[in-house]
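Open the structure in your viewer and keep the sequence panel beside it. The tour moves from the whole chain to a pocket, then to two single residues.

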Amino acid sequence: MRYKLTFVAGLALGFVLGARAGRERYEQLKKSARQISQNPAVRNAAESAAHNGREAAGKAFHAVSGKVGDHVPDSVAERVRALKDRGPGTEDDWGTTNT
């Protein structure tokens with residue numbers, strides 16, 4: 001889902017910059033993007049994808065750590081635990097939120 005949204009955002013940006021559509025068209029695209037991002041269905045899908053990603057990361061960590069034992073670096077183990085324990089809507093290390 002994230003890659004599709006990134007592609008659509010890049011497509012919109014490319015249209016604005018490449019076609020030199022002007023300020024009016026830019027404002028229309030900006031308004032449409034804001035409406036889409038505030039749509040409850042889109043927000044729920046993004047939250048669900050983030051939750052599924054955290055679950056997959058936790059499962060992968062347990063599978064790998066079971067096979068390699070204590071050879072998993074502490075920094076990796078801490079990061080995975082932090083992602084797993086983090087709830088929806090919290091801020092991550094890069095200053096973004098999971099909405």
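Among contacts in the protein between residues at least 6 apart in sequence, what percentage join residues at least 24 apart? The figure is 33%. Keep in mind that this is a predicted model.

**Stop 1: the whole chain**

Select everything and switch to cartoon. You should find 4 helices and 0 strands. Read from the N terminus, the order of elements is α-α-α-α. Now show the surface. The accessible area of the protein is about 7900 Å². Carbon and sulfur atoms account for 57% of that area. Next, colour by burial. Of the 99 residues, 10% count as buried.

**Stop 2: the second largest pocket**

Select Val8, Ala9, Ala12, Leu29 and Ala33, and centre the view on them. These residues lie nearest the centre of the second largest pocket. Its full lining has 13 residues. Which elements give two or more residues to that lining? They are α1, residues 2–19, and α2, residues 23–37. Show both helices as ribbons, with the five residues as sticks. The space in this pocket is about 470 Å³. Now colour the lining by residue class. It divides into 11 nonpolar residues, 1 polar and 1 charged.

**Stop 3: Lys59**

Move on to helix α3, which spans residues 40–68. Pick Lys59 in this helix. Is Lys59 buried or exposed? Lys59 has a relative accessible area of 61%, over the 50% cut-off, so it counts as exposed. Add Val80 to the selection and set a C-alpha to C-alpha distance. Lys59 and Val80 are 10.0 Å apart in space. Along the sequence, 21 residues separate the pair.

**Stop 4: His51**

Stay in helix α3 and select His51, which also sits there. Its relative accessibility is 38%. That value falls between the 20% and 50% cut-offs, so His51 is partly exposed. Add Leu83 and draw another C-alpha distance. How far apart are the C-alpha atoms of His51 and Leu83? The separation is 9.6 Å, for residues 32 apart along the chain.

**Last view**

Bring back the full cartoon, with the pocket residues and both pairs labelled. The pocket lining draws on α1 and α2, while Lys59 and His51 belong to α3.

How values were computed:
Residues numbered from 1 in each chain as written. Predicted model: local features only at pLDDT ≥ 70, side-chain atom pairs only at ≥ 80, totals over all residues. Heavy atoms only, no water. 1 Å grid on protein atoms, 1.4 Å probe; cavity = no way out; pocket = protein on both sides within 12 Å on 5 of 7 lines; lining within 4 Å. Points joined across faces, edges and corners; volume = space filled by probe spheres on them. Nonpolar A, V, L, I, M, F, W, Y, C, P; charged D, E, K, R; others polar. Buried < 20%, exposed > 50% of the residue type's maximum accessible area, 1.4 Å probe, protein only. Contact = heavy atoms within 4.5 Å. Areas by Shrake-Rupley, 256 points an atom, 1.4 Å probe, with all protein chains shown as cover.
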